[in-house]
Amino acid sequence: MPTLPFGPLPPYQPRRFVPSSADLGSWPEIAPLFDALAARSAQCATTADLERWLVDWSELSAVLDEESTRRYITMTCHTDDAEAEAAYLHFVEQLDPQAKPRQFDLARRFVAHPLRPHLPAERYRVFDRDTRIQVEIFRPENVALETEDAKLSQQYQKLTGSLTVQFRDQERTLIQMGLYLEEPDRALRQEAWELVANRRLREAPAFEDIFGRLVQLRGQMARQAGFVDYRDYMFRKMGRHDYSPADCETFHAAVEAEVMPALRALQAERRRRLSVDVLRPWDLATDPQGRPPLRPFSHVDQMVAGTQSIFDALDPDLASGFRRMQELHLLDLANRKGKAPGGYQSNLSEARLAFIFMNAVGQQRDVETILHEAGHAFHALASRGEDLFAYRNPPIEFCEVASMSMELLGNEWLEPFYAFPEAQRARRAHLENILTILAWIATVDAFQHWVYTHPNHTRTDRAGAWVALLQRFGGDVDWTGYEPARAYLWHRQLHIFTHPFYYIEYGIAQLGALQVWANARRDRPGALRNYKAALALGGSRPLPELFAAAGCAFDFSRKTIAPLVRLLLDELTSLPVN
Ligand SMILES: [Zn+2]
């Protein structure tokens, strides 16, 4: 059995409720713990008893969550290992379906508890609201469908992770091929891009099959829970109390009105600098002056050391958090065959620590990813003292403020990786990329709104809807001759398959992060103080309050976006081009 990248972790505190000898892969050992909590809920005679009960329940949830995460980490670090896959699937197929109804049973007991209204109202406001919703939308008949959903998601990951191409007599992962899109030689970029596009297109029927089944399953779950469609169901399930589908449409429109003109202007500038008539899909990642790609590091150890220097310069608390993660080996960062694609940060809920997974190959984008994931890890570390498991899992819209702020702030200290001109070039590319990403977020989010509100669509309709969105948000890129690659471009977006609707959060959060960055330009220590204070709240407050604590407005209309786009453009104008 392959091992985890890290060894035994220092416990945050000794377990109080779950026996330390419990086999967490064995339901017969877990079931009595749920029985005990169920029985004890009726015996709570005071609010103090009930709060104690909540903390014990939190401990059980954290222990199970960490076990699942450990198996997930092992699998994603070894996608070609059957035993690691079996261990994760065992948890997903055998433990989760048993534990979920029992979690629901405890939530129902809490919601019905006579002492619940007497708990300190502000302390439990968010927990109470979220637990009531969980009870309201839970359907036992959906548990099997959720299991099926998780398995299909895992098939998507396995398929994506297995794709390679032969390029210059070597087998290369698609992530490794991304390097060639930064090359100055246009013919080389085109060749690399076509190889990858064609490799993905060969799997298009498989991706379409997986997604078709997911859409069906998800629609069925929504109907079984009494919702018109999966979008309404997910907005309720994801606890989106503070914004609606209509607000997302406001965001799409604001991006179209404010971001697209700026993006088109940057694309026109790129076209001029590249001296080409039209931008092709392989012209978007290369340096417009034809300089070779930035190479911030050649070995992952250098990336870690450089990142440490950035945090040393930025803030002592953040610096010590990142140092601790290195000491505990909570980083698996190098790309290699057999690793799942992408990067993620996972909470190790019982140890109250965080793990970072990446596929670093030596690009500037890797530096941005480590800054990003470290921001998530800081969030986990900042909220360690919180005893309610639910409050150690803040809403994604704010989690991404934690991570994206680190990209923006960290990118102002890139000297460990570059001489000054290269550092400026990297910053410029990052800021331009934010505009590109806002447009991509609008595309991916609007696509999912379309998919799940048109449940009976055909594959052709779906491709048509996607292409129409690229016309709104794709800018001036010429796809002539590559129409199928364009129609299936979304196959590469993991979230559409594995985390439905989890994408607008990035847009909302980017607006928060840009505000943190704007604040830091006026008062860096003050902005960082607010940032850390907001992170320490975990998920204990509603979204608008978390944003306010970080010094940001929770609004994603043109009113908020326009000045941020202006600030980005001002900054881009002041950064030297050469
Ligand atoms: Zn993130």
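Start with the sheet: select β3, β5 and β4, and you have three strands in that order, forming an open sheet with mixed pairing. Keep in mind as you click around that this is a predicted model.

Colour the two outer strands next. β3 (331-334) and β4 (344-348) are the edges; each has a single partner strand, so one side of each goes without a neighbour in the sheet. Look along the strands and check the twist: neighbours are turned by 15 degrees against each other on average, ignoring direction.

Now zoom in on β4 and β5 (residues 353-360). The two run antiparallel and are joined by five bridges. For a handy landmark, show S346 and F355: S346 stands opposite F355, which belongs to β5.

Time to bring in the helices. Select α2 (residues 47-77), which packs on the sheet and touches β3, β4 and β5. The direction of α2 makes about 145 degrees with that of β4. Then add α13, another helix packed on the sheet, with contacts to β3, β4 and β5. Here the angle to pick out is with β5: about 170 degrees between the two directions.

Stay on α13, and show the zinc ion. Which protein atoms hold it? The donors are NE2 of H372, NE2 of H376 and two OE atoms of E400, at 2.1 to 2.5 Å from the zinc ion. Put angle monitors on the four donor atoms and you'll get 54 to 137 degrees, an irregular site. Along the chain, the donors follow the spacing H-x3-H-x23-E. H372 sits in helix α13 (residues 364-382) and E400 in helix α14 (residues 396-410), so the pair links distant parts of the chain, 28 residues apart.

Are these two donors buried or exposed? H372 counts as buried because its relative accessibility is 9%, under the 20% cut-off. E400 is buried too, with a relative accessible area of 2%.

Last stop: the nonpolar interior. The largest nonpolar core has 155 residues, and F251 and F311 are the members touching the most others. Highlight helix α15 (residues 420-453) as well, since the largest share of this core, 15 residues, comes from there.

Centre on F311 and show its surroundings. Leaving out residues up to four places away in sequence, F311 touches L318, A319, F322, L371, A374, F378 and M406. Before you close the viewer, select I30, A99, Y124 and V126: they are among the 36 residues of a second, separate core.

Note on methods. Residues are numbered from 1 along each chain as its sequence is written. This is a predicted model: local features need pLDDT of at least 70, side-chain atom pairs count only at pLDDT 80 or more; totals for chains, interfaces and linings use all residues. Side-chain values use heavy atoms; hydrogens and water are left out. Donors are N, O and S atoms within 2.8 Å of the metal (3.2 Å for Na, K and Ca); water is not among the atoms, so sites may look incomplete. Four donors count as tetrahedral if all angles lie between 85 and 135 degrees; four count as square planar and six as octahedral if opposite donors are over 155 degrees apart and all others between 65 and 115; anything else is irregular. Helices (H or I, at least four residues) and strands (E, at least two) are DSSP runs, numbered from the N terminus. Buried means under 20% relative accessible area, exposed over 50%, partly exposed in between (1.4 Å probe, protein chains only). Two strands pair if DSSP finds at least two bridges between them. Axes are lines fitted to C-alpha atoms, for helices over the stretch in contact, and angles run from 0 to 180 degrees between N-to-C directions. Contact means heavy atoms within 4.5 Å. A nonpolar core is a set of buried Ala, Val, Leu, Ile, Met, Phe, Trp, Tyr and Cys residues joined through side-chain atoms within 4.5 Å.
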